[in-house]
Amino acid sequence: MPLVMMCGFPSSGKTTVANSIAAAAQAAGMKVEIVRDTDVGYDPRDHSSSSAQEKPARAHIKACAERQLSSTTIVIVDSLNYIKGYRYELYCAARSLKTPSCVVHVATSDTTSAQWNAKREKPYADDIFKALLMRFEFPDDRQRWDKPCFTIAEGEEPPCDAILQALTSPDAKGPNNSTKSQPLLAPTQLHDVERVSQTIITALVQAQSTAVPGDRIAVPETDERVKLVKKTTMSELRRIRRQFTTYTKSHPIEGSVNRIATLFVEFLNNALAAQ
């Protein structure tokens with residue numbers, strides 16, 4: 001059954017909408033699990049100013065959602081989900097299990113969210129609240145990981161029936177080649193993956209000496225460019241490269257060296273954006 005990713009500003013009403021979707025699904029005879037920050041012992045109101053605590057929490061939430069995903073359960077991830085790279089990771093997790101996903105964007109304004117936050121028994125601190133607004137990456141339904149995206153304007157009722165119909169219809173997409181499990185990677189393909197990815201990160205490190213954040217850096221073997229979010233160390237790039245290599249061992253890449261390079265750059269861009 002599908003994965004529903006809630007998305008919106010802090011204190012925008014995501015939990016209320018998540019509960020409405022869950023109630024509608026249960027009324028239709030579906031099993032529902034809601035994964036929240038508190039399930040992994042994390043409170044974003046306390047720790048969202050610290051990336052050292054926030055990144056592991058996102059990983060735990062994703063792992064919790066993956067454990068709940070099954071052919072009989074709708075999983076709703078009721079968290080901020082404000083980073084597009086993280087939404088992409090959740091999307092891939094759903095597709096690899098042959099289940100569709102969607103994003104539900106609770107588009108409450110920053111002003112109203114701030115007013116609701118002030119009324120909470122335990123509100124976000126002003127500095128954390130403002131920082132989360134600044135870091136928020138709006139969903140874009142032109143991107144496959146944000147599609148379909150149901151945007152709920154301020155004051156609107158959530159379109160629960162439309163959401164459930166989109167996720168349970170026969171036309172809901174199954175896994176594609178980037179997320180579907182394949183036979184194990186052949187040794188020659190593994191060699192190509194390691195060689196191409198090493199060439200790309202070496203070129204990226206060299207280009208960083210003259211580039212500035214926001215630049216799109218050309219790398220060998222592909223027309224896809226690396227978007228430089230910030231200066232990244234070789235050790236961090238090697239870590240991402242190892243993750244990509246591990247992923248390709250059970251998800252072989254069909255095609256040429258150019259295809260390997262293109263997918264690695266896409267993987268790299270998503271990993272850097274999630275930092």
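At 3% relative accessibility, Asn81 counts as buried in this predicted model, because residues under 20% relative accessible area are placed in that class. Asn81 sits in the loop that connects E3 with H4, and its phi lies near 45°, a positive value in a residue other than glycine. A second residue of this kind is Lys98, which is not a glycine and yet has a positive phi of about 65°. Lys98 belongs to the loop between H4 and E4 and, at 63% relative accessibility, counts as exposed, since the exposed class begins over 50%. Most residues other than glycine have a negative phi, and most peptide bonds are trans. Against that background, the peptide bond from Lys147 to Pro148 is cis, with omega near -5°, and Pro148 is found in the loop between H6 and E5.

The strands flanking these loops belong to an open sheet of five strands, in which the order is E2-E3-E1-E4-E5 and the pairing is parallel. Strand E2 (31-36) and strand E5 (149-153) stand at the edges with a single partner strand each, so that one side of each is left without a neighbour in the sheet. From one strand to the next, the twist averages 20°. Strand E4 (residues 101-107) is joined to E5 by five bridges, the two strands running parallel, and within this pair Val103 stands opposite Cys149 of E5.

Two helices lie across strands of the sheet. Helix H1 (residues 14-27) lies across strand E1 (3-8), E2, strand E3 (73-78), E4 and E5, and runs at about 165° to E2. Helix H7 (residues 160-168) lies across E1, E3, E4 and E5, with a direction at about 160° to E4.

The largest nonpolar core comprises 25 residues, of which Leu3, Val35, Val75, Val77, Tyr82, Tyr124 and Leu132 touch the most other members. At least two residues of this core are supplied by each of E1, helix H3 (51-68), E3, helix H4 (84-96) and helix H6 (126-135). When neighbours within four places in sequence are left aside, Val35 is in contact with Ile61, Cys64, Ala65 and Gln68, as well as with Val75, Ile76, Val77 and Asp78. Separate from this core is a second one of 23 residues, which includes Ile217, Phe244, Ala261 and Leu272.

Note on methods
Residues are numbered from 1 along each chain as its sequence is written. This is a predicted model: local features need pLDDT of at least 70, side-chain atom pairs count only at pLDDT 80 or more; totals for chains, interfaces and linings use all residues. Side-chain values use heavy atoms; hydrogens and water are left out. Two strands pair if DSSP finds at least two bridges between them. Helices (H or I, at least four residues) and strands (E, at least two) are DSSP runs, numbered from the N terminus. Axes are lines fitted to C-alpha atoms, for helices over the stretch in contact, and angles run from 0 to 180 degrees between N-to-C directions. Contact means heavy atoms within 4.5 Å. A nonpolar core is a set of buried Ala, Val, Leu, Ile, Met, Phe, Trp, Tyr and Cys residues joined through side-chain atoms within 4.5 Å. Buried means under 20% relative accessible area, exposed over 50%, partly exposed in between (1.4 Å probe, protein chains only).
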